[in-house]
There are 2 protein chains.
Amino acid sequence: MEPDRQKFLAYLAGQGLKSTRQRDIIFDAFRSDGSHVSTEDLYLKIRRDHPGIGYATVHRTLKLFTECGLAEERHFGDGQVRYEWVAGKEHHDHLVCVRCGAVSEFEDEDIEALQQRIARRYGFTMTSHRHELYGVCSSCGGED
Amino acid sequence: MEPDRQKFLAYLAGQGLKSTRQRDIIFDAFRSDGSHVSTEDLYLKIRRDHPGIGYATVHRTLKLFTECGLAEERHFGDGQVRYEWVAGKEHHDHLVCVRCGAVSEFEDEDIEALQQRIARRYGFTMTSHRHELYGVCSSCGGED
DNA sequence: TTTAAATTGATATCCGTTTTCACTTTTGGA
DNA sequence: TCCAAAAGTGAAAACGGATATCAATTTAAA
Ligand SMILES: [Mn+2]
Ligand SMILES: [Mn+2]
Ligand SMILES: [Zn+2]
Ligand SMILES: [Zn+2]
């Protein structure tokens, strides 16, 4: 079995939670399209093939993915939480197009190191960070 | 007259808006304590001396300050918008203590330059960015 | 199979933000 | 100074995404 699914099932078992048909469906749907989707996004996508699955269940299941480390929440300032499948991905930060909403990813170890140095200078034990660049992407015409 | 107030009055005039007693009061209160306050924070503070001023007016006036560039919105992930008086301050980013909520400020021109380089590499016209370090501040005991 | 515990999905509730609207205030011209 | 048009105010309602509720259903261990 794939290690991601394994991890999810292990988390459920460890918490005394149950494996269900809905959770399997949501797992598959999210894993195959887990790039910065909102609960609404994923709910609407799933509903096409599985009309019975409720919004609340999608919401709760995304929280479960987050709790067990398979997913992370993203907040890009448009007032809704987005979720990203992070299993097997390196840490990265984001560029967000303010015109079309496209999200790109970047990683820069120099910045990461500088951040750590700043935290240390402030006697700060850094547990996480958020770094987002907002602007106009190339296909939205950064030239005009 | 102070240039900040001047700027505000000029903005109002330019937009066909009016100068009011309430806006003056909110201007003074916010300018003298405009460090990452929520609308609620400022409303409660103002209400002590001016019980007649409504939450909606505080909200609308903070938006005006933001529109004219005297203030900026901050989103530190606790679900409420905070406002900061930025007139006369240099650009900076933030360290946020996840335990006590304290906010410190930092600026690092190396990071700023690296950011610009990344944006350029992606053909991205960067208009703003958000960079926050989350963790435990020194007085909350990063040692335990 | 039995049964206790967890899950589900429709719906209600929460809570910060924003809008509404009847009344008041500002402001520029008469 | 007075007037009228336009904007502002504050209490309350509406909004919207996230979360909680609860009766019915499903899971899984015995
Ligand atoms: Mn990402
Ligand atoms: Mn600041
Ligand atoms: Zn774009
Ligand atoms: Zn602290």
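**Close-up views: metal sites, chain A and DNA strand D**

**View 1. Four cysteines hold the zinc ion (ligand 3).** The protein donors are A:C97 (SG), A:C100 (SG), A:C137 (SG) and A:C140 (SG), lying 2.1 to 2.4 Å from the zinc ion (ligand 3). Donors are N, O and S atoms within 2.8 Å of the metal (3.2 Å for Na, K and Ca); water is not among the atoms, so sites may look incomplete. This is a predicted model, in which local features need pLDDT of at least 70 and side-chain atom pairs count only at pLDDT 80 or more, while totals for chains, interfaces and linings use all residues. Residues are numbered from 1 along each chain as its sequence is written, chains are lettered from A and ligands numbered from 1 in the order in which they are written, and side-chain values use heavy atoms, with hydrogens and water left out.

**View 2. Geometry and burial at the zinc ion (ligand 3).** The 4 donor atoms make angles of 96 to 117°, and the site is tetrahedral. Four donors count as tetrahedral if all angles lie between 85 and 135 degrees; four count as square planar and six as octahedral if opposite donors are over 155 degrees apart and all others between 65 and 115; anything else is irregular. Ideal angles are 109.5 degrees for four tetrahedral donors. The donor residues follow the spacing C-x2-C-x36-C-x2-C. A:C97 is buried at a relative accessible area of 2%, whereas A:C100 is partly exposed at 45%. Buried means under 20% relative accessible area, exposed over 50%, partly exposed in between (1.4 Å probe, protein chains only).

**View 3. Histidines and glutamates donate to the manganese ion (ligand 1).** The donors are A:H36 (NE2), A:E84 (OE), A:E84 (OE), A:H92 (NE2), A:H94 (NE2) and A:E105 (OE), at 2.1 to 2.4 Å. The arrangement is irregular because the 6 donor atoms subtend angles of 57 to 170°. Along the chain the spacing reads H-x47-E-x7-H-x1-H-x10-E. A:H36 sits in the loop between α2 (21-32) and β1 (37-38) of chain A, and A:E84 in strand β3 (residues 81-85), so the pair ties together parts 48 residues apart in sequence. A:H36 is buried, at 9% relative accessibility. A:E84 is buried too, at 0%.

**View 4. The fold of chain A.** Chain A has 5 helices and 6 strands. Helices (H or I, at least four residues) and strands (E, at least two) are DSSP runs, numbered from the N terminus. Their order along the sequence is α-α-β-α-α-β-β-β-β-α-β. The C-alpha atoms fill a box of roughly 45 × 45 × 25 Å along the principal axes. Of the 144 residues in chain A, 42% are buried.

**View 5. The protein surface near DNA strand D.** DNA strand D is surrounded by 22 residues; the closest are B:K18, B:T20, B:R23, B:T57 and B:R60. A residue is near if one of its heavy atoms lies within 4 Å of the strand. Sugar and phosphate make up 73% of the strand's atoms that come within 4 Å of the protein. α4(A) gives the most to this surface, with 5 residues.

**View 6. Polar contacts to DNA strand D.** A side-chain N or O atom of A:K18 lies 2.7 Å from a base oxygen. A side-chain N or O atom of B:R23 lies 2.6 Å from a phosphate oxygen. A polar backbone atom of B:G52 lies 2.9 Å from a phosphate oxygen. A polar contact is a pair of N or O atoms within 3.5 Å; within protein, one must be able to donate a hydrogen and the other to accept it, and residues adjacent in sequence count only if both atoms are side-chain atoms.
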